[in-house]
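Open the model in your viewer and keep the selection tool at hand. We will go from one stop to the next, and at each one I will say what to select and what is there.

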Amino acid sequence: MTRFNFATLIALPLAILAFGSGHWGVARVVILILLILIGLGSAIPQMRFFGPMVCQGKSSRRCVALTFDDGPDARSTPKLLQLLRNLGIKAAFFGVGRRVAENPELAAWIVSEGHLLENHSYEHSNLTNVFSVIRLRDDLRRAQQAIQKATGILPRFFRPPIGLTNPRVFRVARDLGLTVVGWGAGGLDTQLTSSERIVNRITRRLKPGAIILLHDGNIPDERLVTTVKMLLERLRTLEYEVVRLDQLLK
Ligand SMILES: [Zn+2]
């Protein structure tokens, strides 16, 4: 049973009981609390409110995984791939299906370097979280097909756009054999402009098994390269080993 189901099972009978016995104020408060929980649960992946979202690896060793959302991008992806190759790091890229279809050679390059290329929806619509089951399934399936066509490999992981979830997300992901993946150490790198602040923010959220979130394409490529270099130095200093996402989740 999900936390959403549990909260609903408690709140709805309580609200009906309160309403039926004339305690309208109590009923309103219960419904308000449920709505607040639903809002928070949609927006905060780490709450795992609607389903089994993976935000943390099982590793008890000092291992972390790097993930990059929103690529591939003709400006930043080649620079990022070169940097990761020089440093011997394997990462997971949560690619946007439409961008994969537009840049199939970049998608194939990502995989040929030993990185994962996973599903981050096809359109990356800000409205993904209000899509019907049919539309959501179509969007995710198109991304699966675009990535498989470009790389020959079918993704196993899905990260919802903006990290927003609801029960339909987990249902569709399960139907397509996808594990829903969030993160635990986000850099807010699309909003913060200083690499140092981004790295400091991630550092504060680090722990063994942490899934680190950065972006490939939605930020200036110089900032991305500087941030990744600085972050990997910091991880080395703190004696964290970077492993690929699938290894972190084993
Ligand atoms: Zn995204």
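Start by selecting Cys-63 and Glu-241: Glu-241, in strand 8, is the bridge partner of Cys-63. This is a predicted model, so please read each stop on the tour in that light.

Now widen the selection to strand 1 and strand 8 (residues 241–242), which run parallel and are joined by 2 bridges. Add strand 7 (residues 211–215) next; strand 1 pairs with strand 7 over 5 bridges, also in the parallel sense. For a single pair to zoom in on, pick Phe-68, whose bridge partner in strand 7 is Leu-214.

Which strand pairs with strand 1 over 3 bridges? Select strand 2 (residues 92–95), whose pairing with strand 1 is parallel. Here Thr-67 stands opposite Ala-92. Now show helix 3 as well, and trace the chain: strand 1, helix 3 and strand 2 make a right-handed β-α-β unit.

With these partners on screen, is strand 1 enclosed or open? Strand 1 is largely enclosed by the rest of the structure, because 6 of its 7 residues are buried.

Next, follow the loop that leads from strand 1 (63–69) to helix 3 (76–87), and stop at Pro-72. Display the backbone here: the peptide bond from Gly-71 to Pro-72 is cis, with omega near -5°.

Time for the interior. Select Ala-65, Phe-93, Val-180, Ile-211, Ile-212 and Leu-245, the residues with the most contacts inside the largest nonpolar core, which has 62 residues. Helix 6 gives the most to this core, with 6 residues. In soluble globular proteins, nonpolar side chains tend to be buried together.

Keep Leu-245 selected and look at what surrounds it. Beyond its neighbours within four places in sequence, Leu-245 is in contact with Ala-65, Thr-67, Ala-92, Leu-116, Phe-157 and Ile-211. You have already met Thr-67 and Ala-92 as residues that stand opposite each other.

Move on to helix 7 (residues 167–175) and colour its buried residues: Arg-168, Val-169, Phe-170, Val-172 and Ala-173. What do they pack against? Their packing partners are helix 6, strand 4 (157–158) and strand 5 (179–180). Just after helix 7, click on Gly-177, which takes a positive phi of about 70°.

Two further backbone stops involve residues other than glycine. For one of them, select Ser-121 in the loop between strand 3 (116–119) and helix 6 (133–151). The phi of Ser-121 is positive, near 80°. Ser-121 is buried, because 22 other C-beta atoms lie within 10 Å and 20 or more is the cut-off for that class.

For the other, go to Arg-48, in the loop between helix 2 (24–43) and strand 1. Arg-48 has a positive phi of about 50°. Is Arg-48 buried or partly exposed? With 19 other C-beta atoms within 10 Å, Arg-48 is partly exposed.

To finish, zoom out and colour by domain. The domain assignment gives domain 1 (3–43) and domain 2 (63–248). Draw a line between their C-alpha centres, and you will find that they lie 35 Å apart.

Terms used
Residues numbered from 1 in each chain as written. Domains from an automatic or database assignment. Helix = DSSP H or I, 4+ residues; strand = E, 2+ residues; numbered from the N terminus. Buried ≥ 20, exposed ≤ 12 C-beta atoms within 10 Å, placed from the backbone. Core = buried A, V, L, I, M, F, W, Y, C linked by C-beta atoms within 7 Å. Contact = placed C-beta atoms within 7 Å. Pairing = 2+ DSSP bridges. Right-handed = clockwise from strand over helix to strand, strands pointing away.
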